[in-house]
Amino acid sequence: MTVEVAGVSMRSPVIAASGTFGYGVEFEEILDLAKIGAFVTKGLSLHPMDGNKAPRIIETSSGMMNAIGLQNIGVDAFLKDKLPGIRRMPGVVCIANVFGYTIEDCLGVIERLNDAEGIAMYELNASCPNTKHGGMVFGTDPDSLGDLVHQCRVISKRPLMVKLSPNVTNIGGMARVAQAAGADAVSLVNTFLSLAIDVKTRKPKIANVTGGLSGPAIKPIAVRMVWEVARSVNIPIVGMGGIVKPEDAVEFLLAGATAVEVGTASYADPRAVEKISTGLEHWCAANGVANTADLTGGLRT
């Protein structure tokens, strides 16, 4: 089951996704963290953020929509209050998700994390609007994405994985931009921009008006995007989007992913990521797969 992503060894290719697993320590008594590959923290910003007004999460057909607004305690509180607990957990691989509305903010977060023990790599969220350039989302503009990744890679003391926005016409091209700028790996997909309307009140169901769609409804699109990226870059890919059972993870691996992240499923079952990891091991044994890594890119066309 062991895989390697950007030089980081993981005992399983199944990772708990950012925004759905707290800061990791909250799940210590819920599941066996030693049975999953890694977990990604909630997005960490330079300063604490309260997030958007409620309602900010709703159920949809085969999924959910959210506009949490990247609520988090801020990088300094994470270092002081959360990371010590993570370091006490033996063998746990922690990936810190980093974001900011300017490149300088992202750099500030990474600089604070660089000298802290207990973090294996960074996942750079490229789905934030660049407030210095009219609000264009970093991950939808090649120049902005390249600049962001390059500057973060220069100062990062750890491997840098870039989380790509799916709200683009050429996901392979954006992955190439990230790779050329120095990304050690890419993860995809983030949520799809969406809108739900209450037909009785004729108002948006989410206070923010639009939100991000996730869950099983997006899985076929996410798998297709991972396949396209796998044909475009030669750095590791971590796939995500609607994984709720082991066979879903296998699809992403066959499409070209080295590992996968489980997100929305954790809302329905807090132990989902462990169950999928264990289930994947059983699936491989039942189907004659000696090494999970052998599945990567195994799609037959």
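## Helix α2 and its surroundings

Helix α2 covers residues 103-114, 12 residues in total. From first C-alpha to last, α2 reaches 16 Å, close to the 16 Å expected at 1.5 Å a residue. The model is a predicted one.

Much of the interest in α2 lies in its buried positions. These are Ile 103, Cys 106, Leu 107, Gly 108, Val 109, Ile 110, Leu 113 and Asn 114. Which elements cover them? The cover includes helix α1 (75-87), strand β7 (94-98), strand β8 and helix α3 (142-155).

## Leu 83 in helix α1

Helix α1 is part of the cover over the buried residues of α2. Leu 83 is found in α1. Its relative accessible area is 0%, so Leu 83 is buried.

What does Leu 83 touch, leaving aside neighbours within four places in sequence? Its contacts are Phe 78, Ala 116, Glu 117, Gly 118 and Ile 119. Ala 116 lies 33 residues from Leu 83 along the chain. The C-alpha atoms of Leu 83 and Ala 116 are separated by 8.5 Å.

## Asn 125 in strand β8

Strand β8 spans residues 121-125, and Asn 125 is found in it. Is Asn 125 buried or exposed? Its relative accessibility is 8%, so Asn 125 counts as buried.

The side chain of Asn 125 has a polar partner. It makes a polar contact with the side chain of Asn 190, at 3.5 Å. Asn 125 also touches Leu 70, Asn 97, Val 98, Phe 99 and Lys 163, not counting residues up to four places away in sequence.

## Asn 130 in the loop after β8

Asn 130 sits in the loop between β8 and α3. Its relative accessibility is 4%, so this loop residue counts as buried.

Neighbours within four places in sequence are again left aside. Asn 130 is then in contact with Tyr 101, Thr 102, Gly 135, Met 136, Val 137, Phe 138 and Ser 144.

## Cysteines

How many disulfides does the structure hold? The count is 0. Cys 128 is in no disulfide. The nearest cysteine sulfur to that of Cys 128 belongs to Cys 106, 6.8 Å away. A disulfide needs the two sulfur atoms within 2.5 Å. Cys 106 is one of the buried residues of α2.

Cys 128 has a relative accessible area of 1%, so it is buried. Cys 284 has a relative accessibility of 3% and also counts as buried.

## Salt bridges

The structure has 13 salt bridges. One of them joins the side chains of Lys 80 and Asp 81, at 3.3 Å from N to O. Lys 80 is exposed, with a relative accessible area of 64%. Asp 81 is partly exposed, at 47%.

Another links Glu 228 and Arg 224, at 3.3 Å from N to O. Both residues lie in helix α5 (residues 219-230). They are 4 residues apart, about one turn of the helix. An α-helix has 3.6 residues a turn, so residues three or four places apart point the same way. Glu 228 counts as partly exposed, with 26% relative accessibility. Arg 224 counts as partly exposed too, at 36%.

The side chains of Glu 274 and Arg 271 also meet in a salt bridge, at 3.5 Å from N to O. Is Glu 274 buried or exposed? Its relative accessibility is 6%, so Glu 274 counts as buried. Arg 271 is partly exposed, with a relative accessible area of 34%. Elsewhere, salt bridges that share partners join Lys 219, Lys 245, Asp 248 and Glu 251 into one network.

## Strand β11 and its partner

Strand β11 covers residues 192-195, and its side chains alternate. Phe 192 and Ser 194 point to one face and are buried. Leu 193 and Leu 195 point to the other face and are not buried. In a regular strand the side chains alternate between the two faces of the sheet.

Which strand is joined to β11? The partner is β14 (residues 210-214), and the two run antiparallel. They are joined by 4 bridges. Ser 194 of β11 stands opposite Gly 211 in β14.

Key: Residues are numbered from 1 along each chain as its sequence is written. This is a predicted model: local features need pLDDT of at least 70, side-chain atom pairs count only at pLDDT 80 or more; totals for chains, interfaces and linings use all residues. Side-chain values use heavy atoms; hydrogens and water are left out. Buried means under 20% relative accessible area, exposed over 50%, partly exposed in between (1.4 Å probe, protein chains only). A polar contact is a pair of N or O atoms within 3.5 Å; within protein, one must be able to donate a hydrogen and the other to accept it, and residues adjacent in sequence count only if both atoms are side-chain atoms. Contact means heavy atoms within 4.5 Å. A salt bridge is a side-chain nitrogen of Lys or Arg within 4 Å of a carboxyl oxygen of Asp or Glu. The expected span of a helix is 1.5 Å times one less than its number of residues. Two strands pair if DSSP finds at least two bridges between them.
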